[in-house]
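Got the model open in your viewer? Set it to cartoon, keep the selection tool handy, and follow along.

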Amino acid sequence: MRVLVVEDDPATLRLHVKVLRAYGLAVDGVRTARAAAEVLQDVPYDGAVLSRRLADGDGLALLPRLGPEAAVVVVTERGDAEQRREGLEAGADDCLTPPFAPDELALRMCKAIVRRTETSSSPVRMGRVVIDRARRTITVDGETVHTTKTELCVLDHLVAHRHRVVGSEELLEHCWDSRRDLFSNPLPSQINRLRARFADHLRIRWTDKGGYLVEPLG
Amino acid sequence: MATLVAPPPSRIDVRIVVSGPIGSWPIGPQADGFPAAPAHPVHPSLPRLLVVEPDADLRAAYASALAADGHDVHAVATVAAARAARPATFDCVVLDRVGGGDDLVLVDEIYRTGGRTRVVVVSGQASDADRVEGLTRGADDYLAQPVGLPELVARVRRLTRCRVTSSAPPIRLGRVVIDQDRRVAHLDGGEVDLTPTQYELLVTLAREPGCIVHSRLLLERGWHDHRDLDSAVLRPHVARLRKALRGSIEVRCVRGVGYVLEVVGATVAAGRARVADEVGRMELRTPARAKTA
């Protein structure tokens, strides 16, 4: 899942981007509403963190530019309940007022994304593998499996769309941020690593329809 | 991807429900001495809400505000009473955490049952650590007491009205139906044998039937590395696509621009008008080419 953070203050922006990446999300950060509007034209984000106080306007004004599936967390100015209510009424999934722990932002973002893509609020079960998309953990028979952040991101996207075939272009777009080297294709190696890690439990199949499909084994 | 359209009816049988004042049960059968849990909502289309709040005044305030916003509210005072009411059968649970450390167990229980119940925790203890713990254990929202009623109502509404929308709808074009989730096209009910490239071309054209799609866009969708490709590459693929669709859909070439998809026998009038308009504009922009064509 790929998320855009729009935040005025460079130190806060760095912190938010860092913590969201630590939760296995692909994250881009921009500082102005204009820059955000530009990237939103090109990238189909799954979520966004919009700050209401930007140098060139209100982050809430970017909401209509996001796709209907994107989960939005709005960061309001200090201690303003009215702004929080406004954000929710405008269609944001969640509203936060500083000060808050960076982890809280990440947890709320993950939860909002999961609410947008899953009908059930509990973890996804695929055979013996349980993927807790909101808490960002993967367990096999109750034992935690440690993966890299990129692997988690790729598996999360495949699992989120487990009922359909997911094209490789879509995976590259949703699981890598703007730092990706456009002259290389990092996807096959990540798929292979996932296949090796879950060799006994999951099958990540390349279908003749031109995309990947994840299925439980056995 | 699974879509959730409406909450599934838990009981099919019809019975008369006597709806009391806010916070009371509809009258129903008693089981195991527990107060009867409502077998189905008072009004089937309203989201069902369980409010767990020990303070009587607050409970009444929450319940009336949430009911006024169009929720079917059931309010209880204790976690034990909430448990008896089977919290996992509700759409959303608002839990005031005053009883101490133990009440987050209710959140764990709801999370484990695997339903689609959302949980909002309201708490006097809302340090950063408390919030992170509450959210990690499965709460969808964690609010610090005192919480303004308009905000609480807005947050609950956000959770109960948000529905999953991740599945792409099938595209219907006369005899052809394109299942975007499975990346297949059906003609008269039978699957059409398409290569991934042909499918991409079809779906790109079909998303806007009657509109000219530029060759550049088709190359971008069908061939990921398209920079060096000439639009002539498209021709054999479009030809094979036409053949596979056996005349049910016409893929017309607009010279110098791209392709346009038209449903044979049932072209949308608006689509045609748009094509005419587009072609007109193209000719205006490139008169020389239009003349030679």
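What follows is a walk through the model, one selection at a time.

**Ground rules.** This is a predicted model, in which local features need pLDDT of at least 70 and side-chain atom pairs count only at pLDDT 80 or more, while totals for chains, interfaces and linings use all residues. Residues are numbered from 1 along each chain as its sequence is written, chains are lettered from A and ligands numbered from 1 in the order in which they are written, and side-chain values use heavy atoms, with hydrogens and water left out.

**Stop 1: chain B as a whole.** Select chain B and colour by secondary structure: ten helices and twelve strands should show up. Helices (H or I, at least four residues) and strands (E, at least two) are DSSP runs, numbered from the N terminus. Of its 293 residues, 44% count as buried, where buried means under 20% relative accessible area, exposed over 50%, and partly exposed in between (1.4 Å probe, protein chains only). Take the contacts (heavy atoms within 4.5 Å) between residues of chain B at least 6 apart in sequence: 56% of them join residues at least 24 apart.

**Stop 2: the five-stranded sheet of chain B.** Now pick out the open sheet with parallel pairing, whose strand order is E2-E1-E3-E4-E5. Two strands pair if DSSP finds at least two bridges between them. E2 (72–76) and E5 (141–144) of chain B each have a single partner strand, so one side of each has no neighbour in the sheet. On average, neighbouring strands here are turned by 15° against each other, direction ignored. Axes are lines fitted to C-alpha atoms (for helices, over the stretch in contact), and angles run from 0 to 180 degrees between N-to-C directions.

Zoom in on E4(B), residues 118–123, which pairs with E5(B) in the parallel sense over four bridges. Ser123(B) sits opposite Ala144(B) there. Then add helix H4 of chain B, residues 128–136: it packs on the sheet, touching E3 (92–97) and E5 of chain B, and its direction makes about 155° with that of E5(B).

**Stop 3: the three-stranded sheet of chain B.** Further along the chain, select the open antiparallel sheet ordered E10-E12-E11. Its edge strands are E10 (212–214) and E11 (249–254) of chain B, each pairing on one side only. Neighbouring strands are turned by 30° against each other on average, direction ignored. E11(B) pairs with E12(B), residues 258–263, in the antiparallel sense over six bridges, and Val251(B) stands opposite Leu261(B).

Two helices to switch on here:

- H7(B), residues 215–222, lies across E10 and E12 of chain B, at about 65° to E10(B).
- H8(B), residues 234–244, lies across E11 and E12 of chain B, at about 160° to E11(B).

**Stop 4: strand E3 of chain A.** Hop to chain A and select residues 47–51: five of the five residues of E3(A) are buried. Which way do the residues point? Gly47(A), Val49(A) and Ser51(A) go one way and Ala48(A) and Leu50(A) the other. E3(A) has parallel pairing with E1(A), residues 2–6, over four bridges, with Leu4(A) opposite Ala48(A). E3(A) also pairs in the parallel sense with E4(A), residues 71–75, over five bridges; there Val73(A) is the bridge partner of Val49(A).

**Stop 5: a hairpin in chain A.** Select 202–207 and 211–216 of chain A: E10(A) and E11(A) pair in the antiparallel sense over six bridges. Arg205(A) has Leu213(A) as its bridge partner. Three residues separate the two strands of this hairpin, and Gly210(A) in the turn has a positive phi of about 80°. Five of the six residues of E11(A) are buried.

**Stop 6: the nonpolar cores.** A nonpolar core is a set of buried Ala, Val, Leu, Ile, Met, Phe, Trp, Tyr and Cys residues joined through side-chain atoms within 4.5 Å. The largest has 44 residues, and those with the most contacts inside it are Leu20(A), Leu25(A), Val49(A), Met109(A) and Leu50(B). Helix H4 of chain A, residues 102–117, gives the most to this core, with seven residues. Apart from it lies another core of 27 residues, including Ile171(B) and Leu234(B).

**Last stop: the interface.** Show both chains: the contact takes 39 residues from chain B and 42 residues from chain A. Together they bury about 3,700 Å², 51% of it on carbon and sulfur atoms; buried area is the accessible area (1.4 Å probe) that two parts lose on being put together, summed over both. Six salt bridges are counted between the chains, each a side-chain nitrogen of Lys or Arg within 4 Å of a carboxyl oxygen of Asp or Glu. To see one, select Arg157(B) and Glu89(A), whose closest N and O atoms are 3.0 Å apart.
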